[in-house]
Amino acid sequence: MIREIAAHRELVSNLVRRELKSRYKGSVLGMAWSFFTPLALAAIYYFFFKYLVARGAPGESIIIGVFGWNFTAICMNNGMMSITGNSNLIKKVAFPRFLIPFSVCVSGLVDYAISLVIQFILVGVLLALAGKMLSGWCLLLPLLAFHHFILNLSFSLLLSACNVYYRDTMHLVNIFITAFFFMSPAMYDWNFIVESSGSHPWIANLALMNPLAPILIGYRSLILPGPEYAFPWMTSSIIGLLLPYIMLAFSYFMFQRMQRNFADLV
Amino acid sequence: MKQNIAIEAENLGKRYWMRGAQENPTLFGMIRNKVKGIKPKEFWAIREATFSVQKGQTVGIIGPNGAGKSSTLGLVAGTITPTTGTVRSEGRIASLLELGAGFHSDLSGRENVYLNASLLGIPREDVTKRFDHIVGFAGLEEFIDMPVRNYSSGMYVRLGFAVATEVNPDILLIDEVLAVGDADFQAKCLGRIRDFQKKGKSLLFVTHALDTVEEYCHEVILVESGNITDRGIPERVIAKYTEAALDEHKENLAEDEHGTGDITLKNVTFRDENEQERETFSSGSCLHIDIEYMAKKRVENPVFGYSIKSHHGWHLFGGNTQIADIKIDSVEGPGVVRITMDPLVLRYGHFILSVSSHSWDHSVQYHRIEDQYEFFVSAKDIHEGIIQLNPQYELRDISDSSAEKPASDKS
């Protein structure tokens with residue numbers, strides 16, 4: 001897989017460019033949408049939780065969570081449609097098919113990297129207002145973002161292939177994404193999980209096995225200072241951290257099996 | 001794989017399942033089919049195809065629509081996964097299954113050139129080096145930075161062809177893409193193909209332009225309803241195909257006839273010098289056109305006429321007994337009018353005959369049958385075009401020394 005990516009790196013870079021350009025072409029704000037969307041979402045969640053449920057997480061924590069979530073959501077959605085949306089390419093040009101969802105995820109990563117800069121500034125300002133500083137660990141962010149990318153790629157590969165065979169995938173995923181959002185600690189943090197699980201610690205353990213959970217929690221512990229954001233090193237969180245690689249292997253295997261018939265079905 | 005083989009296909013087959021209207025099965029539909037025991041029908045786009053293309057050879061695939069030509073090409077190109085068999089190729093393949101496939105309408109022509117090139121596996125530096133060449137060939141210098149959504153379809157296709165052929169592949173697969181573009185561009189494309197042949201590259205192409213096939217191919221593969229039914233030298237295979245197509249076509253010819261019916265034209269047969277009825281004649285041979293008629297009553301001074309069109313619809317020749325100064329006093333009952341063309345100066349192609357009968361002063365049309373009869377002409381020589389002009393060549397020296405010779409001097 002890596003060899004094929006290396007052999008087609010120019011194609012990947014062109015596909016990524018195409019993806020990015022077409023996504024924001026014709027919109028006034030252009031690339032700004034890549035951070036404006038999650039920011040707006042973060043603001044909405046912040047206010048609703050704070051004033052409606054009166055139990056909100058700090059703003060910076062929500063921002064980090066929602067930005068991270070948005071990366072996954074975009075890769076899932078765009079990745080899922082990537083094969084069916086490029087039927088002309090699939091039918092008429094021969095090249096490794098997995099490069100299409102791969103490119104979608106790479107362009108998502110580029111978007112995310114840009115939005116991270118904005119996120120940094122915002123979080124920095126919010127922390128400074130509270131008299132705090134960014135954690136020095138944030139230098140490790142690229143590593144975690146790469147790990148996050150692997151997870152998104154595994155979703156993207158599997159969903160894109162499934163959607164070719166059964167367009168039901170589209171509808172199922174819409175439901176799943178909503179559930180997945182609430183299952184993942186995007187608008188709440190680790191402490192909230194611990195508190196709510198109360199006397200049933202298995203719930204917290206289960207939550208950590210969601211592969212996105214250690215990622216979002218990890219972002220917070222890398223960026224935000226203070227012991228309340230320390231990463232919960234537990235068996236379940238390590239399982240959650242290893243899962244994306246197993247998922248990727250599985251997705252890639254399935255994708256390669258299913259791609260044989262893509263040209264007949266798209 | 002043998003040394004001199006560029007493409008080798010063995011027992012190649014592609015099966016599709018016919019799901020009728022249910023292109024993508026719904027869960028409900030699947031359960032219903034399972035319960036009722038309905039199995040989807042299978043359909044072989046191409047089966048048991050075994051062929052090879054030698055290095056430096058140009059091979060054409062011909063056949064009726066839906067015969068499996070494009071599927072075969074898709075299998076060789078690798079866009080379609082074969083159900084059975086294998087196909088191997090040696091060297092870099094550029095496939096023009098569709099020109100400009102993968103162009104993105106929001107990107108400029110320049111960006112699309114790079115995108116398209118990378119899809120075809122061409123390194124970026126090569127494209128940069130040849131960029132002006134590509135744009136020049138497509139004739140799009142002024143428009144190259146415009147989004148391709150604003151391109152005309154001709155511009156689109158020109159750019160696609162320019163990219164794909166500029167890359168110097170070892171094998172070029174072309175699917176009926178030369179039929180687009182204006183005459184000037186088509187000539188450029190065919191020139192490109194000649195260049196490829198000169199460089200010793202291999203070409204495999206699908207087309208309905210039989211004259212192009214005859215002109216460019218070393219070998220022709222005939223595909224009919226999913227099977228390779230013949231392969232060999234272009235002239236023979238094309239003649240076989242056109243004869244088969246004629247039989248098929250005959251039943252579909254739209255009957256356009258009118259007239260008073262005083263004389264009815266009943267049947268037209270084409271015969272060679274041995275009175276043998278045929279549909280295909282070789283250029284330069286003898287063609288008899290026998291028009292059977294039936295005059296219900298005595299008709300004074302009738303005129304029998306005909307006209308010949310090429311399959312393009314061009315009117316090539318028309319005549320009648322009046323123009324030929326043949327005065328027929330009267331006819332009654334059945335008879336035959338024979339028109340003989342000897343030698344036949346049509347050269348190559350598919351021709352359509354209309355016949356008519358009318359009164360001497362053209363005031364009454366007895367019967368006219370429009371575009372009803374077809375015949376084919378094949379040529380053994382390698383001239384081009386649809387008519388045979390029988391040229392003579394002469395070389396004249398017009399240097400001073402010869403001018404002094406009083407060869408045709410009358411002074």
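Two strands count as paired if DSSP finds at least two bridges between them. Helices (H or I, at least four residues) and strands (E, at least two) are DSSP runs, numbered from the N terminus. With that, let's start in chain B. E11(B) and strand E13, residues 287–300 of chain B, pair in the antiparallel sense over eight bridges. One spot to look at: B:Asn267 stands opposite B:Glu292 in E13(B).

Before going on, the ground rules. This is a predicted model, where local features need pLDDT of at least 70, side-chain atom pairs count only at pLDDT 80 or more, and totals for chains, interfaces and linings use all residues. Residues are numbered from 1 along each chain as its sequence is written, chains are lettered from A and ligands numbered from 1 in the order in which they are written, and side-chain values use heavy atoms, with hydrogens and water left out.

Back to that sheet. Three strands make it up, open, in the order E11-E13-E16 of chain B, with antiparallel pairing. Its edges are E11 (263–271) and E16 (330–341) of chain B, each pairing on one side only. Neighbouring strands in this sheet turn by 15° against each other on average, direction ignored. For angles, axes are lines fitted to C-alpha atoms, for helices over the stretch in contact, and values run from 0 to 180 degrees between N-to-C directions.

Two backbone details sit in loops next to these strands. The peptide bond from B:Asp342 to B:Pro343 is cis, omega near 0°. B:Pro343 is in the loop between E16 and strand E17 (349–359) of chain B. B:Glu275 has phi near 65°, positive in a residue other than glycine. Its loop runs between E11 and strand E12 (280–282) of chain B. For context, most residues other than glycine have a negative phi, and most peptide bonds are trans.

Next sheet. Chain B also has an open sheet of six strands, order E5-E6-E7-E3-E8-E9, with mixed pairing. E5 (93–96) and E9 (227–232) of chain B are the edge strands. E8 (219–224) and E9(B) run antiparallel, joined by five bridges. There, B:Ile221 has B:Arg231 of E9(B) as bridge partner. Helix H2 of chain B, residues 69–77, lies across E3 (58–62), E5, E6 (171–175), E7 (202–206) and E8 of chain B, at about 150° to E6(B).

Now salt bridges: a side-chain nitrogen of Lys or Arg within 4 Å of a carboxyl oxygen of Asp or Glu. The whole structure has 19 over all chains. One joins B:Lys55 and B:Glu90, 3.2 Å from N to O. That pair links distant parts of the chain, 35 residues apart. B:Lys55 is in the loop between E2 (41–54) and E3, and B:Glu90 in the loop between E4 (84–89) and E5, both of chain B.

Last, the interface. Which residues touch? Contact means heavy atoms within 4.5 Å. Chain A gives 27 residues and chain B gives 30. The buried area is about 2,400 Å², with carbon and sulfur atoms giving 52%. That is accessible area (1.4 Å probe) lost on putting two parts together, summed over both.

Two salt bridges cross between chain A and chain B. One is B:Glu111 to A:Lys21, 2.1 Å from N to O. On chain A's side, helices H2 (9–24), H5 (87–92), H7 (141–165) and H13 (262–265) each supply at least two residues. H2(A) gives the most, with eight.
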